[in-house]
Each structure stands twice: as C-alpha cells, then as structure tokens.
Amino acid sequence: MTTVALKPATMAQALTRALRDAMAEDPTVHVMGEDVGTLGGVFRVTDGLAKEFGEDRCTDTPLAEAGILGTAVGMAMYGLRPVVEMQFDAFAYPAFEQLISHVSRMRNRTRGAMPLPITIRVPYGGGIGGVEHHSDSSEAYYMATPGLHVVTPATVADAYGLLRASIASDDPVVFLEPKRLYWSKDTWNPDEPSPVEPIGRAVVRRPGRSATLITYGPSLPVCLESAEAARAEGWDLEVVDLRSLVPFDDETVCASVRRTGRALVVHESGGYGGPGGEIAARVTERCFHHLEAPVLRVAGFDIPYPPPMLERHHLPGVDRILDAVGRLQWEADN
Amino acid sequence: MTVMEQRGAYRPTPPPAWQPRTDPAPLLPDAAPYRVLGTEAAAQADPALLRRLYAELVRGRRYNAQATALTKQGRLAVYPSTTGQEACEVAAALVLQEQDWLFPSYRDTLAAVARGLDPVQALTLLRGDWHTGYDPREHRIAPLSTPLATQLPHAVGLAHAARLKGDDVVALALVGDGGTSEGDFHEALNFAAVWQAPVVFLVQNNGFAISVPLAKQTAAPSLAHKAVGYGMPGRLVDGNDAAAVHEVLADAVRHAREGGGPTLVEAITYRIEAHTNADDATRYRGDAEVEAWRAHDPIALLEHELTERGLIDEAGIKAARDAAETMAAELRAHMNQDPVLDPMDLFADVYAEPTPQLREQREQLAAELAAEREGTH
Ligand SMILES: Cc1ncc(C[n+]2csc(CCOP(=O)(O)OP(=O)(O)O)c2C)c(N)n1
C-alpha cells in the first residue's frame, strides 16, 4: 500500500483538473461556452485549458446558449465529446429546447445509432449572494426529462470523479455544480486523483441510527452540520449524499431508511413539484412498513429565488432541519 | 477636473475612426431570384445533370402523391407534401457528395429519399412506428427534425467538428420560411459565420408557415438578405428551377468546401398542397394564387427545356414515369404490410445502460404482456 499525499484543494480546482485530465487523455473532448477560453470561465473552472489545448479545444463561443448546446449536438454527432458550460443556472433556460427536444432523446429516436456524449456543466444553487437569475436550483426540470443523467457533487473528490465519469459517459449528463461549494476546501490527492466510479451510487457520509437525512450538492454540508448539532438532542442522524439524481440509488437510500425508520429529504429547490416529492414517494413505496413517521421534506420555499439579502430565510438551514427532525420523533411518540 | 473647469483647454475629439469590418456589398443577394431554365444560362447547363434532375423530379412528384395517398388509407399518420417544391428537395440531395451531411426538417423526406435513403425507412417518423428508421451516420442524413430550426445548429456543429478533424465534409441544412423566425436560426447562422463552418443553409420559402404568409413572418427585404448581418453571402434563387437551385447550391457547397465559410440560400417556391393532409388550405389562400404557381411547375419547366433542346423524347419521359411507378408500387407494397413492433423496445436506447428505474419498469411491462398472452388480463 502506498501512502498518498493529501493536500488541500477546492472543488473548483478539482473540476479544472478533471477537465484537463479528460482533455489530455482523449483528443475528442472539447470544452466550449461563454468566456471559457482566455478568462477561464467566470468561476475559473476552465482556467488554463485554452492555453494548454488551444482555442479549438477550449472555445469561447458567441453568447447564445441554444447555439452552444445545438452546435455541441452536431459535434457529438461527428464523434466529439463536447463539455459545454452554461454560465449560470438561469442562463441555461434558452438551451432547454435543444436539451429536451434533441439532446435527451437522440439516442432513443435513432434506436441507439446516435448517442450523444455531451456533458452540460451548470453552476447552480444559491448562498453566494448572487443577484437575480444567479441562484436557481433547476434540478427538477432536468430530472423530469428522460434520457438525461443528472449528477451533482458535494465534495472535492466527487467533483473530480463524477466529472470524469460524466465526460466518459456515452449519454448526455447534466453536471450540476453547487456554486457555493466551489471554494470549499478539502484534503484530496491531486497527484493521484480518485478513480472514476460509474454514475448512479449514493454514499452514506455519516452513519447514524435515529433518522436518515437524504440530500445532495449544496445541502450536504448543512446536513452534516445539522447532524453534529443534533447530537446535543440525543439524535444520531445518518446522512446520505445522493450524488446522482438520475439514475437514483434506491438501494442505498432504502437500506439506510430501513435501518433508521425515519427519513427527511433536504434540498434548496422549491418543495412543490421538487425533487423531494419524488424521493419521498419512492422511499414510502419501498420502505412503508419500516417507517415510524411520514417522510418529511425541508426545501426552499415555493417562490422565485429571493434577492440575496433575504436568501438566508429561504435556504434550508440547521434550525429548520432540526425542527423537522423533531417532528419525525414526535410522530413516532404519538 | 470637469469640462467646465478646464474651459479653453478642452477640445472635443471625434470618435475613433470606424470602418465596416467587411464590405457588405458582395454579400448582398441579387435583386431577382436567379434562374437558368428559359434563359441564356440554360445553354451552359450539363445535359446529363438536367436529365438526372428530371428523373428525380418525376420520381419525387410520384413519391409525394403516393405518400399522400397512404395517409388516406391510414397507412401514414400524416404527410407534409413537397409537391411543387421537388426542385429544392432533389437539388439539395444531388449537390452533396457521399461524405457530406444533410440536415432535413420534418417536411424533407423527399430530400432524404433523393439522397438514396430507402423510402420506407424514411417514413417511419410519419408512419408512427419509430422516430428515425435509419442510422443517421450510415446515410449521413440527420434525423428529420420536427421542432423548427433546431437542426440548424446541429449542422453547424457537425461541419465545424469535421473541419477541426481535417475531413472534407460539408453540411447542408434545410429550413422553411417560418423557421427563419426562430432563435435557433439566428444562433446557427451566427455560429456558422464566426466559425467559418463549411455549412450551407437552404431556406425553402414556400409562402406559408401553416397558414401564416411570409408578410407576417418577416419585414426583411428577403430572407436571403438576413445573411448580410451575419457576414455571410445571401443568394436568391427560383426554387422551381431545378437547374438554378442545383447551380446555386453547388456554388455554395464548393465555397464551403474550399474554406470560404457558410452561405444562406433562399429558394422562392410554393407549397401546392395544404400544410399536411390534416390542413384546410382554402381558409387562408385562394385558387388563383395556387394556379399561378401551378403554371410555374418545376417538372414542366425542366421538361420544356429538355424537349426544346432535344435532350429527351417521348420514350425518355416514359422511362422516367415508369421508374417512378415502380418506386411507388414498391413503396405501397411495403407500407401495406403491418409493421411488427416489440413493446419491449420502449425501454431500449433511452440510456446506454438502463437505469434501475427503467429495468423495473421493463419487468413490469414484460409481466403485463405475459399475462395478456395467457389471457389472464
Ligand atoms: C418550435 C416549433 N414551433 C411550432 C411548430 C409547429 N409547426 C409545425 S410546421 C409549422 C410551420 C412551419 O413553416 P415553415 O418553417 O415555413 O416550413 P414549411 O411547413 O412551410 O415547410 C409550425 C408552426 C414546430 N414544429 N416547432
């Protein structure tokens, strides 16, 4: 066993490294989007790629999201592996026509003859004090579209591993980057980055017995913090990080809920019609007889993303989560 | 210091000199649609090409008639006819080399067939047994695109990718006059011009987008004029003159192949039939207009030229019609067979590897089908 040197790295650095390694290994990988070249992207995730691989492989495109994704479709049809960057969550909406009408179903409508290995990187979610249209959680729209994989890392290691797996996937992947975790640091081995696991497995980030918090992306650190705080109340919370919203890992989630008997889904996007509804339904369908209480959700409010000075009231925080955990206990006691 | 404070010292300067980035004049389309048939230019046209175009037009007309008949028999769910527009469809197909790509819209089945695609495979979308009944890579024909103009950026991306790889490939994308109002049209043209992608856009201006006439679609002098704003040449052509459409497209394809970048071609033509078999065209246009266009029929135009110049005789015309009849008979025979469909195909090819959720649903359907077979359902 060799000991690996762990160094502090940010999620943004791990993403850059993933892009770089993928481009170096496979000449068909092309990065494209607004400002991804000279500037290195507004979050600097594509920093240095144009310099290292040339502007033909890391391309500043015209400012047109449908055009970016639409031309990526043609490039993928010709055997390239485009990785497109949508600058912010809410600016991906002009590309939805291409995403839903073509990207998600090209494999299916051509009976497998024409898969589209496109990775669509979307910085998403709030908590960075962004002005309007810079903080949306759009995962429910993507999840509702068959033919897309939808993944979102919550750790530095996963940012690398999941992005490599997404680029390697022969299917289109919507890669949601929790922008408020871009600068979160973690010890990680940048010299020998973690192996690329296939998409679709959830992981238990913290084992516990009292209840399961099911979460992903930007809400993972909040849930872990809540689990620590809950110890004072005598609750021992398990935290499951989904990592992949499509496909969904029923196995890991249900195994946890069967152990704990209680489940709470936590995410930033609105609760009504949101991912939590789907997850709660799946858990209820599969674990009903193990449940001591109804599956609860802590989500953002069902409002357009609020202005930054109010966002802390909108985002699920530790108090709201502990409150909900309290209700899980209460249901059990009565 | 403000301007007021530095009174006397301040001299207003003109803005830095400005020049147009390129000279727009060569990009402008001609004042009238380019024609060959019935003009001096016809003498230069290659007789073999004219005969080939003629045979394909006759076959195309018969194909349109047969497909429309199949809708009446319930064998096709819907058919958007290109009767009257065959010159555009056929020229688009014949102008491409084998390695080139065609990006058709939902109306352009005929272009795909003229490129060599099996007529039955070309019709699966409209018949309803599968969306795309062929391997796009094998034929270098993208799936027929139903959402308007969305195939245009695909053509640009593919052409761009081919050029990056150093391959000699041109993409030709078809779109209707209504489709030019979509954002994707704009974005595709802009990307194509910025990237100098080897792509040709052919707008078939057939007068209507379902019921909406061109006057309500655009205020531009012509659709070809739109090219100038992107920095690519715009060409206007008589869309019923097969020789002219072929020549203009051939020029544009050559220009693209030689690294000259994209061209926007607007072909002025007319949709003789209704939008589809489900549409009632009498609600938005009169007979006189249709009759005027019938008098400018693409087949009659070419047949006249060929006959005048002694390039075809009765026997030649009959041979073209016979070949078209054979194609129609084969198409009928194939389409009259019920397609054999496997419901389990529903779950094939959604992803490279089905998700656990899809596997579960697949099992559910398999069980239902088994129960149905056993009559327990
Ligand atoms: C994005 C989109 N909007 C609306 C439609 C519905 N639709 C189908 S055909 C059509 C008119 C198209 O007209 P045009 O582009 O001129 O092509 P043509 O039918 O004349 O060939 C419309 C509105 C569509 N297919 N796609």
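Which backbone atom lies 2.8 Å from an oxygen atom of the ligand? It is a backbone N or O atom of B:G178. Keep in mind as we go that this is a predicted model.

Let us stay with the ligand for a moment. B:G178 has company here: 15 residues surround the ligand, and the closest are B:Y106, B:R107, B:G178, B:G179 and B:F208. Two of these also place an atom beside a ligand oxygen. For B:R107 it is a polar side-chain atom, at 2.6 Å from an oxygen atom of the ligand. For B:F208 it is a backbone N or O atom, at 2.9 Å from an oxygen atom of the ligand. With such neighbours, the protein covers 73% of the 580 Å² of accessible area that the ligand has on its own. By class, the shell around the ligand consists of six nonpolar, six polar and three charged residues.

Now turn to the open spaces in the protein. The largest pocket holds about 570 Å³ of space. Its lining is made up of 27 residues, and those nearest the centre are A:M143, A:T145, A:P146, A:V246 and B:Y351. Which elements give two or more residues to this lining? In chain A they are α6 (139-143), β12 (244-246) and α10 (275-287), and in chain B it is α14 (356-373). Sorted by class, the lining of the largest pocket contains 15 nonpolar residues, nine polar ones and three charged ones.

Two of the names from the pocket lead us further. The first is A:V246, one of the residues nearest the pocket centre. The peptide bond from A:V246 to A:P247 is cis, with omega near -5°. If you follow the chain to A:P247, you are in the loop between β12 and α9 (250-260) of chain A.

The second is helix α6 of chain A, which also takes part in an aromatic pair. Over all chains, the structure holds 16 aromatic pairs. In one of them, the ring centres of A:F96 and A:Y142 are 5.3 Å apart and the planes meet at 50°, so this pair counts as tilted. A:F96 belongs to helix α4 (residues 96-101) of chain A and A:Y142 to helix α6 of chain A, so the pair ties together parts that are 46 residues apart in sequence.

One last stop is a detail of the backbone. A:R44 is not a glycine, yet it has a positive phi of about 65°. You will find A:R44 in the loop between β2 (29-33) and α2 (49-53) of chain A.

Definitions and conventions. Residues numbered from 1 in each chain as written. Chains lettered and ligands numbered in written order. Predicted model: local features only at pLDDT ≥ 70, side-chain atom pairs only at ≥ 80, totals over all residues. Heavy atoms only, no water. 1 Å grid on protein atoms, 1.4 Å probe; cavity = no way out; pocket = protein on both sides within 12 Å on 5 of 7 lines; lining within 4 Å. Points joined across faces, edges and corners; volume = space filled by probe spheres on them. Helix = DSSP H or I, 4+ residues; strand = E, 2+ residues; numbered from the N terminus. Nonpolar A, V, L, I, M, F, W, Y, C, P; charged D, E, K, R; others polar. Near = heavy atom within 4 Å. Polar contact = N/O pair within 3.5 Å; in protein donor to acceptor, adjacent residues only side chain to side chain. Areas by Shrake-Rupley, 256 points an atom, 1.4 Å probe, with all protein chains shown as cover. Phe/Tyr/Trp six-rings, centres within 6.5 Å; stacked < 30°, edge-to-face > 60°.
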